[in-house]
Amino acid sequence: NTNNLKFELYVVHAEVDGIGVPLAYLFIENNGNCGNGVRTGVIIDFLVQLKTRGLKPDFFITDKDFAQISAARFVWNGIKVQLCLWHIKKAIEARLANNKKPQQINYNGIAAQQQFSFIDPLFSPSLTKEKIVFCPKEMRPLIWKMMNNHLHKHPLIPTIDGQFLSSASIWKMAVEEIYNFCKQNSLPWLWVYLWNEWYNADRWFLWFRAGCGDKLSIFKTNMFVEAHWKVLKRDFLYKFFRPRLDLVIFVIMEQVVP
């Protein structure tokens with residue numbers, strides 16, 4: 001809602017000595033026909049311009065937008081994507097509170113067992129007409145407590161008994177803990193969701209801090225960016241309702257950035 005053409009506004013925002021610094025802005029036209037492939041391609045072109053100017057970040061913090069994630073990993077090979085902790089918690093709490101039954105089961109128990117032998121391939125839900133309890137209300141805080149603990153483990157941080165675990169070991173222990181919890185409480189729908197969205201081989205390193213074994217980001221959220229949008233909207237665009245695009249650009253370049 002920053003402009004009357006409804007273009008999406010992006011910013012690459014860096015941290016320098018504890019201060020947030022906007023490096024570049026991007027407007028993308030999204031008329032409903034702009035699929036993730038198109039958005040990813042545009043964002044790649046945008047990030048390449050920053051890479052050619054010498055930007056080589058170690059961490060890329062974002063919400064769970066796979067167009068941004070794919071673009072960053074394509075442009076900077078080996079970069080550590082770190083999903084925003086606030087957005088992770090919001091997404092998980094919303095899903096745990098929703099008992100709507102999925103229309104299909106996208107889960108391969110055999111493939112999961114090939115990764116971890118302790119996983120029973122037969123522990124999976126079935127599509128029936130009966131109502132489901134995705135996750136009982138009293139168990140939701142326990143799920144988030146475990147996931148929050150998994151997120152914060154890191155090879156550079158010793159365990160309570162002084163051991164330094166590898167990233168792979170941290171991942172395995174986390175999967176085993178969350179799997180055993182789901183199985184012991186007979187929650188197959190919950191297990192499938194957690195595995196598919198958070199714990200499988202393609203997802204865990206996006207939100208575990210252990211996804212980067214030799215460095216540790218000082219940030220866990222993208223609140224620097226959220227604060228920047230707040231400044232733009234409430235301090236500079238508060239007089240306008242979806243102003244013209246050229247006015248928004250003028251405000252950013254001549255008022256917000258200085």
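In the predicted model, residues 24 or more positions apart account for 68% of those contacts in the protein chain that have a separation of 6 or more. The chain holds 258 residues, of which buried residues make up 40%, and its C-alpha trace spans about 60 × 50 × 30 Å along the principal axes. There are 10 helices and four strands in the protein chain, and, read from the N terminus on, these elements follow the order β-β-α-β-α-β-α-α-α-α-α-α-α-α.

The domain assignment divides the chain into domain 1, which is made of residues 2-84 together with 221-256, and domain 2, which covers residues 86-211. The centres of domain 1 and domain 2, taken over C-alpha atoms, are separated by 30 Å. Where the domains meet, 14 residues of domain 1 are in contact with 12 residues of domain 2, and the two domains bury about 1,100 Å² between them, with 59% of that area on carbon and sulfur atoms.

Polar interactions also link the two parts, since the count between domain 1 and domain 2 is eight residue pairs in polar contact, both residues of each pair being at pLDDT 80 or more. On the side of domain 1 that touches domain 2, the elements that give two or more residues are α2 (66-75), β4 (80-83) and α9 (223-236). Of these contributions, that of β4 is the largest share, with four residues. Sorted by class, this side of domain 1 has six nonpolar, three polar and five charged residues. The count of salt bridges between domain 1 and domain 2 is one, and a salt bridge is formed by E197 with K64, whose closest N and O atoms are 3.2 Å apart.

Two residues, T62 and I69, give a more detailed view of the surroundings of strand β3 and helix α2. T62 lies in strand β3, which runs over residues 59-62. The relative accessibility of T62 is 3%, and because buried means under 20%, T62 counts as buried. When residues up to four places away in sequence are not counted, T62 touches Q68, I69, V81, Q82, L83, C84 and N222.

I69, one of the residues that T62 touches, lies in helix α2. With a relative accessibility of 1%, I69 likewise falls under the 20% limit and therefore counts as buried. Leaving aside the neighbours within four places in sequence, I69 is in contact with T62, D63, V81, L83 and L206. I69 and V256, by comparison, are 187 residues apart in sequence and 27 Å apart in space, from C-alpha to C-alpha.

Helix α7, formed by residues 188-199, is mostly covered, as 10 of its 12 residues are buried. The buried residues of α7 are P188, W189, L190, W191, V192, Y193, L194, W195, W198 and Y199. An α-helix has 3.6 residues a turn, so residues three or four places apart point the same way. In α7, the buried residues include the unbroken run from P188 to W195. What covers the buried residues of this helix includes strand β4 as well as the helices α3 (85-96), α4 (109-115), α5 (140-152), α6 (167-184) and α8 (204-207). Strand β4 thus appears both in the cover of α7 and among the elements on the side of domain 1 that touches domain 2.

Notes: Residues are numbered from 1 along each chain as its sequence is written. This is a predicted model: local features need pLDDT of at least 70, side-chain atom pairs count only at pLDDT 80 or more; totals for chains, interfaces and linings use all residues. Side-chain values use heavy atoms; hydrogens and water are left out. Domain bounds come from an automatic or database domain assignment. Contact means heavy atoms within 4.5 Å. Buried area is the accessible area (1.4 Å probe) that two parts lose on being put together, summed over both. A salt bridge is a side-chain nitrogen of Lys or Arg within 4 Å of a carboxyl oxygen of Asp or Glu. A polar contact is a pair of N or O atoms within 3.5 Å; within protein, one must be able to donate a hydrogen and the other to accept it, and residues adjacent in sequence count only if both atoms are side-chain atoms. Ala, Val, Leu, Ile, Met, Phe, Trp, Tyr, Cys and Pro count as nonpolar, Asp, Glu, Lys and Arg as charged, and the others, Gly among them, as polar. Buried means under 20% relative accessible area, exposed over 50%, partly exposed in between (1.4 Å probe, protein chains only).
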